[in-house]
Amino acid sequence: MIEGIRRASAKARNAAVIRGIGDDCAVLRVLAGSDVLVTTDMCVEDVHFRREWHPAKSVGHRCLARGLSDIAAMGGEPFACFLSLALPPTLPQRWVNDFMAGLLRLARQFRTQLSGGDTSSAEKITVDIIVLGKVPAGKALLRSKARPGDRIYVTGELGNSAATLKRLYSGRKISAKANDRHFYPLPRLEVGRLLRKNKLATAMIDISDGPSVDLAHICEESRVDGVINLEAVPIAKTSDLSLALHGGEDYELLFTAPKSAILPRKIAGVPITEIGEIRTKSARKGTVKIIGSAGRLKPLRPVGWEHFSKIN
């Protein structure tokens, strides 16, 4: 199995990987003047995915997409990943092959070379992935740089992934289409890179837990408040406002930009929507608030998405 993975991973070469699978350690070489980004994610069967709902190719894609989206949120460029797999002894080899096919197809798309990992046995499928990226020294987009007066933006549409998962819970059988952001989310790496390169964003995060939670993270790190205009939120056609605000795993980007910044309607072909503003931190409880058509401010409780919990 390992030899098969090694052969398949060779198709996603990156110049920063001097030596990948085959030795005790990978050998990486990053250009001087760059900072290295490191992110890690764990996916567990029946927590992050279910075999009866998610095809193996989708599981592989999603596991890598999570890490790639973190790199995108820092304005970085990925170059290597490391995969550890714990598998039930009775798991069909076909499932493993399809899982790797889904993961490596996304890796090739973003020139992210699988450079090592580990294997073990377990009662349930457990996937641990590390993704490495690079960014010009000192230029990573952090969550802590939002300032009062900044505007809040999101990429794409929100709520698609949560809406799909809600339908799965209702008992509907859904085919894993390539354009469904639940089964095959596409990390916004080029958008993040261009926002960093053109100095448009002050702070950024990827939407993995829902805007109500993820904007709260920016507000907490930057010590500010955020106000979302409900009428401006770009809701996916299959979703609703609640899922758009609290549903997770869209892996769109949420970022802040100075009021003076001129943002295009699209970046790298992805729609950009202004949904609110950053304000000075108030003494009132709650860092994120919403404003509706009546113009009244109300606290937005950071509910966020809880994987495979009961949907009310």
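Let's start with Phe99. Setting aside residues up to four places away in sequence, Phe99 touches Ala56, Lys57, Val59, Gly60, Cys63, Leu83, Leu85 and Val127. Before I go on, please keep in mind that this is a predicted model.

So where does Phe99 belong in the bigger picture? It's part of the largest nonpolar core, which has 52 residues. Phe99 is among the members that touch the most other members, along with Leu64, Leu83, Leu195, Phe255 and Leu263.

Which elements build that core? Going along the chain, we have strand S3 (34–44), helix H2 (56–73), strand S4 (77–87), helix H3 (93–109), strand S6 (126–136), helix H5 (189–197), strand S10 (253–257) and strand S12 (270–280), and each of them supplies at least two residues. And which one gives the most? That's H2, with 9 residues.

There's also a second core, separate from that one. It has 22 residues, and you can look for Leu158, Ile207, Val224 and Val288 among them.

Okay, let's zoom in on S10, since Phe255 sits in that stretch. How many of its residues are buried? The count is 5 of 5, so S10 is mostly covered. You can see this on both faces: Leu253, Phe255 and Ala257 are buried on one side, and Leu254 and Thr256 are buried on the other. If you're wondering about that split, side chains in a regular strand alternate between the two faces of the sheet.

S10 has strand partners, too. Strand S7, residues 151–155, is joined to S10 by 4 bridges, and the two run antiparallel. If you want a landmark there, find Tyr153, whose bridge partner in S10 is Phe255. Then there's strand S8, residues 203–206, which is also antiparallel to S10 and joined to it by 4 bridges. Over there, Asp206 has Leu253 as its bridge partner in S10.

Next up, helix H5, another contributor to the big core. Which of its residues are buried? You'll find Leu189, Val191, Gly192, Leu194, Leu195 and Arg196. Just a reminder that Leu195 is one of those members of the core with the most contacts to other members.

After H5 comes Lys199, in the loop between H5 and S8. Lys199 isn't a glycine, yet its phi is positive, at about 55 degrees. Buried or exposed? Lys199 counts as exposed, because its relative accessibility is 68% and the cut-off for exposed is over 50%.

There's another residue like that to look up: Asp46. Its phi is positive, near 70 degrees, and again it's something other than glycine. Asp46 is in the loop between S3 and H2. With a relative accessible area of 30%, Asp46 is partly exposed.

While we're on loops, have a look at Leu31, between strand S2 (27–28) and S3. This leucine is exposed, with a relative accessible area of 64%. Now find Ala236 as well. In sequence, Leu31 and Ala236 are 205 residues apart, and their C-alpha atoms are 40 Å apart in space.

Now for a serine, Ser222, which is in helix H6, residues 211–222. Is it buried or exposed? It's buried, because its relative accessibility is 9% and buried means under 20%. What does Ser222 touch? Leaving aside neighbours within four places in sequence, it's in contact with Arg143, Ser144, Lys145, Ala146 and Arg147. With Ser144 there's a polar pair as well: a polar atom of the Ser222 side chain lies 3.5 Å from the backbone oxygen of Ser144.

Let me finish by zooming out to the whole chain. In terms of secondary structure, we have 7 helices and 14 strands. The radius of gyration is 20 Å, close to the 20 Å from the globule rule for 312 residues, so the chain is as compact as a globular protein of that length. Along the principal axes, the C-alpha atoms fill a box of roughly 60 × 50 × 35 Å.

How much of the chain is buried? Of the 312 residues, 52% count as buried. As for the outside, the accessible surface is about 15000 Å², and 50% of that belongs to carbon and sulfur atoms.

One more number, on contacts. If you take contacts between residues at least 6 apart in sequence, 84% of them join residues at least 24 apart.

Key: Residues are numbered from 1 along each chain as its sequence is written. This is a predicted model: local features need pLDDT of at least 70, side-chain atom pairs count only at pLDDT 80 or more; totals for chains, interfaces and linings use all residues. Side-chain values use heavy atoms; hydrogens and water are left out. A nonpolar core is a set of buried Ala, Val, Leu, Ile, Met, Phe, Trp, Tyr and Cys residues joined through side-chain atoms within 4.5 Å. Buried means under 20% relative accessible area, exposed over 50%, partly exposed in between (1.4 Å probe, protein chains only). Contact means heavy atoms within 4.5 Å. A polar contact is a pair of N or O atoms within 3.5 Å; within protein, one must be able to donate a hydrogen and the other to accept it, and residues adjacent in sequence count only if both atoms are side-chain atoms. Two strands pair if DSSP finds at least two bridges between them. The radius of gyration is taken over C-alpha atoms; the globule rule is 2.2 Å times the number of residues to the power 0.38. Accessible areas come from the Shrake-Rupley method with a 1.4 Å probe; for residues, only the protein chains shown count as cover.
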